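The following exercises are to be worked with the sequence and the model side by side. Each task is followed by a solution in steps.

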Amino acid sequence: MAYSSMQSSSGELFVAGTKENTLFQRVVHWVRERIELHRAEDELHHMSDAELSDIGLTRGEIHMAVRRGF
């Protein structure tokens, strides 16, 4: 494997790997948040106008309500 040829004793490799993991984790977190936002919007878009009115929203306000709150 390629991993066996790398020397793990170098502090620089360890630090670089840590930064990559942090960046990767941030990207994964960002993607998960976006998926949840799209699901919330989709759920609201499937509600009737009367249901949206009951919670104080119009169809045009859905996007901002999901992202900024009510």
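**Exercise 1. Classify Ala40 by accessibility and place it in the chain.**

Step 1. The model is a predicted one, and Ala40 has a relative accessibility of 29% in it.
Step 2. Buried requires under 20% and exposed requires over 50%, with partly exposed in between.
Step 3. Ala40 is therefore partly exposed, at 29%.
Step 4. Ala40 belongs to helix α1.
Step 5. From Ala40 to Ala65 there are 25 residues in sequence, and their C-alpha atoms are 10.0 Å apart in space.

**Exercise 2. Describe the secondary structure of the chain and state how confident the prediction is.**

Step 1. Three helices and zero strands are found in the chain.
Step 2. Read from the N terminus, the order of elements is α-α-α.
Step 3. The average pLDDT of the chain is 79, and 70% of the residues reach at least 70.
Step 4. Confidence is highest in α2, with a mean of 96, and lowest in α1, with a mean of 81.
Step 5. Residues 1-11 have a pLDDT that stays under 50, and the model has two contacts for them beyond four places in sequence.

**Exercise 3. Identify the residues of the largest nonpolar core and the helices that supply them.**

Step 1. The largest nonpolar core has seven residues: Leu37, Leu44, Leu52, Leu57, Ile62, Ala65 and Val66.
Step 2. At least two residues of this core come from each of α1 (11-45) and α3 (62-68).
Step 3. The greatest contribution is that of α3, which gives three residues.
Step 4. For the chain as a whole, 11% of the 70 residues are buried.

**Exercise 4. Find the nonpolar patch on the surface and assess the exposure of Trp30.**

Step 1. Leu23, Val27, Trp30, Val31 and Ile35 form a nonpolar surface patch of about 460 Å².
Step 2. Trp30 is located in helix α1.
Step 3. The relative accessible area of Trp30 is 47%, so Trp30 is partly exposed.
Step 4. The accessible surface of the chain is about 6,200 Å², and carbon and sulfur atoms account for 57% of this surface.

**Exercise 5. Examine the salt bridge between Glu36 and Arg39, and classify both partners by exposure.**

Step 1. The structure contains four salt bridges, including the one between the side chains of Glu36 and Arg39, with an N to O distance of 3.1 Å.
Step 2. Both residues are in helix α1, three residues apart, which is about one turn of the helix.
Step 3. Glu36 has 46% relative accessibility and so is partly exposed.
Step 4. Arg39 has 52% relative accessibility and so is exposed.

**Exercise 6. Determine which parts of the chain are linked by the salt bridge of Glu41, and whether Glu41 is buried or exposed.**

Step 1. Glu41 pairs with Arg67 in a salt bridge whose closest N and O atoms are 2.3 Å apart.
Step 2. This pair joins distant parts of the chain, since Glu41 is in helix α1 and Arg67 is in helix α3, 26 residues apart.
Step 3. The relative accessibility of Glu41 is 11%, so Glu41 counts as buried.
Step 4. Arg67, with a relative accessible area of 30%, is partly exposed.
Step 5. Leaving aside residues up to four places away in sequence, Glu41 touches Ile62, His63, Val66 and Arg67.
Step 6. Among these contacts, Ile62 and Val66 are also members of the largest nonpolar core.

**Exercise 7. Locate the two partners of the salt bridge between Asp49 and Arg59, and compare their accessibility classes.**

Step 1. The closest N and O atoms of Asp49 and Arg59 are 2.9 Å apart in this salt bridge.
Step 2. Asp49 is in helix α2 (residues 49-54) and Arg59 is in the loop between α2 and α3; this pair, ten residues apart, links distant parts of the chain.
Step 3. At 52% relative accessibility, Asp49 is classed as exposed.
Step 4. At 34% relative accessibility, Arg59 is classed as partly exposed.

Definitions and conventions. Residues are numbered from 1 along each chain as its sequence is written. This is a predicted model: local features need pLDDT of at least 70, side-chain atom pairs count only at pLDDT 80 or more; totals for chains, interfaces and linings use all residues. Side-chain values use heavy atoms; hydrogens and water are left out. A nonpolar core is a set of buried Ala, Val, Leu, Ile, Met, Phe, Trp, Tyr and Cys residues joined through side-chain atoms within 4.5 Å. Buried means under 20% relative accessible area, exposed over 50%, partly exposed in between (1.4 Å probe, protein chains only). Helices (H or I, at least four residues) and strands (E, at least two) are DSSP runs, numbered from the N terminus. Patches are made of residues with over 30% relative accessible area and no salt bridge: like charges are joined within 9 Å, nonpolar side chains (Val, Leu, Ile, Met, Phe, Trp, Tyr) within 5 Å. Accessible areas come from the Shrake-Rupley method with a 1.4 Å probe; for residues, only the protein chains shown count as cover. Contact means heavy atoms within 4.5 Å. pLDDT is the predictor's confidence in each residue, from 0 to 100.
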